[in-house]
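The exercises below concern one protein chain with a bound ligand. Work through each task on the structure before reading its solution.

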Amino acid sequence: MDADAWRLRLGGLVERPLALTLAELQARPARTLPVTLECAGNGRAFLEPRAESQPWLSEAVGTAEWTGTPLAPLLEEAGLLDDALEVVFTGLDRGFQGGVEHDYARSLPVSEALRGDVLLAYAINRQPLPPQHGYPLRLIVPGWYGMTHVKWLAEISVVAEPFRGWQQEDAYRIHESEDDPGTPVTRMLPRSLLIPPGIPDFMTRARFLEAGPCQLAGRAWSGFAPVERVEVSVDGGTTWEDGILEESLGDFAWRGWRFDWDARPGEHVLSCRATDGAGNVQPLDPVWNLGGYCNNAVQRVHVTVA
Ligand SMILES: Nc1nc2c(c(=O)[nH]1)N[C@H]1C(S)=C(S)[C@@H](COP(=O)(O)O)O[C@H]1N2
Ligand SMILES: [Mo]
């Protein structure tokens with residue numbers, strides 16, 4: 001992407017359409033926020049039968065400090081017209097999916113687009129965005145699953161009708177069959193992961209650990225409300241004990257947790273379970289759906305203690 005030729009266009013149902021250079025966006029007020037992004041397909045490969053898409057296990061998640069200019073003041077400067085319903089964000093990448101040629105585009109309701117923490121981000125961890133993360137500009141919507149954070153952002157358009165683009169209407173829906181419209185994927189469900197202790201067996205990934213005190217640690221996040229509790233089970237989910245939460249990095253960043261375990265010889269299945277402030281809890285078993293989205297079932301790590 002040649003950033004000198006690039007412009008962010010903001011138009012549609014606004015009084016004053018805008019075209020901004022990267023330098024103009026960088027000269028505006030800036031905000032830096034730690035935000036966790038998780039792909040909505042994270043955990044898909046644990047579902048059976050599995051959708052034909054990326055076979056993510058637990059790895060499609062990360063946290064960074066994103067710097068950008070808040071979107072809301074730009075929308076206010078452009079002046080939303082009365083019938084504004086949604087804001088559509090379009091990236092520069094074009095391709096075929098589901099046999100349909102389209103630009104990558106996603107929409108947000110106006111109320112969500114006007115949240116003060118929605119950013120037009122040009123930096124990650126104080127560095128310019130690298131190409132693969134959306135250079136020169138990407139949308140950051142704290143709390144929402146990965147597909148929302150449109151990369152290589154080129155156009156923002158205010159519309160009066162619900163947006164029906166492929167990435168909005170066909171993809172990212174929770175449903176059991178193609179005939180069922182289902183519900184759209186929005187915010188990240190609570191999820192937690194633990195750092196597997198000990199050493200692995202190459203093929204099975206089973207872990208081996210010496211008996212004695214062992215500190216388990218991991219991360220937990222939710223896009224609905226901050227994580228309030230992480231419980232740990234060392235017996236496959238039969239009994240649970242509270243872990244200790246580390247300091248919060250921010251409402252929309254994952255939170256560290258730890259748990260002191262006295263590892264006794266034998267076979268163990270380690271799990272962690274997050275609860276958020278809205279009362280959402282991770283399920284023990286996945287909830288199957290056609291696209292393989294939003295699998296936030298608790299992780300299971302098999303460990304042999306010797
Ligand atoms: N323009 C554009 N933006 C996009 C995508 C895309 O294909 N094109 N993929 C989305 C999805 S599905 C995810 S999970 C995140 C991944 O962000 P990352 O590559 O920075 O990890 O980007 C989102 N933004
Ligand atoms: Mo994704």
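**Exercise 1. Locate Tyr172 and state what is unusual about its backbone.**

Solution. Start with the position: Tyr172 belongs to the loop between H4 and strand S11 (173-174). The model is predicted, and in it Tyr172 has a positive phi of about 55° although it is not a glycine. Most residues other than glycine have a negative phi. Next, look at the surroundings: Tyr172 is among the residues closest to ligand 1. Tyr172 is also one of the lining residues closest to the centre of the largest pocket.

**Exercise 2. Find which residues are joined by a cis peptide bond, and place each proline in its loop.**

Solution. Take omega for each pair in turn. Between Glu48 and Pro49 omega is about -5°, and the bond is cis. Pro49 lies in the loop between S3 and S4. A second cis bond links Tyr135 to Pro136, with omega about 5°. Pro136 is placed in the loop between strand S8 (127-128) and strand S9 (138-140). As background, most peptide bonds are trans.

**Exercise 3. Describe the shell of ligand 1 and list polar contacts to the ligand.**

Solution. Begin with the shell, which holds 13 residues; the closest are Asp93, His133, Arg138, Lys151 and Tyr172. By class, the shell divides into six nonpolar, four polar and three charged residues.

Then check atom pairs against the cut-off for a polar contact, N or O atoms within 3.5 Å:

- His133: a polar side-chain atom is 2.5 Å from an oxygen atom of the ligand.
- Lys151: an N or O atom of the side chain is 2.4 Å from a ligand oxygen.
- His149: a polar backbone atom is 3.2 Å from a nitrogen atom of the ligand.

Finish with the area: ligand 1 taken alone exposes 530 Å², and the protein buries 76% of that.

**Exercise 4. In which pocket does ligand 1 sit, and what lines that pocket?**

Solution. Ligand 1 sits in the largest pocket, whose volume is about 1300 Å³. The lining has 50 residues, and those closest to the pocket centre are Cys39, Gln54, Met147, Gln167 and Tyr172. Elements that give two or more residues to this lining are strands S3 (31-38), S4 (61-70), S5 (86-97) and S6 (100-109), together with helix H4 (166-169). Sorted by class, the lining comprises 22 nonpolar, 15 polar and 13 charged residues.

Definitions and conventions. Residues are numbered from 1 along each chain as its sequence is written. Chains are lettered from A and ligands numbered from 1 in the order in which they are written. This is a predicted model: local features need pLDDT of at least 70, side-chain atom pairs count only at pLDDT 80 or more; totals for chains, interfaces and linings use all residues. Side-chain values use heavy atoms; hydrogens and water are left out. A residue is near a molecule or strand if one of its heavy atoms lies within 4 Å of it. A polar contact is a pair of N or O atoms within 3.5 Å; within protein, one must be able to donate a hydrogen and the other to accept it, and residues adjacent in sequence count only if both atoms are side-chain atoms. Accessible areas come from the Shrake-Rupley method with a 1.4 Å probe; for residues, only the protein chains shown count as cover. On a 1 Å grid over the protein atoms alone, a cavity is a set of points where a 1.4 Å probe fits but cannot get out, and a pocket is an open set with protein on both sides within 12 Å along at least five of seven lines; lining residues have an atom within 4 Å of a point. A molecule sits in a cavity or pocket if more than half of its atoms lie within 2 Å of its grid points. Ala, Val, Leu, Ile, Met, Phe, Trp, Tyr, Cys and Pro count as nonpolar, Asp, Glu, Lys and Arg as charged, and the others, Gly among them, as polar. Grid points are joined across faces, edges and corners, and a volume is the space filled by probe spheres set on the points. Helices (H or I, at least four residues) and strands (E, at least two) are DSSP runs, numbered from the N terminus.
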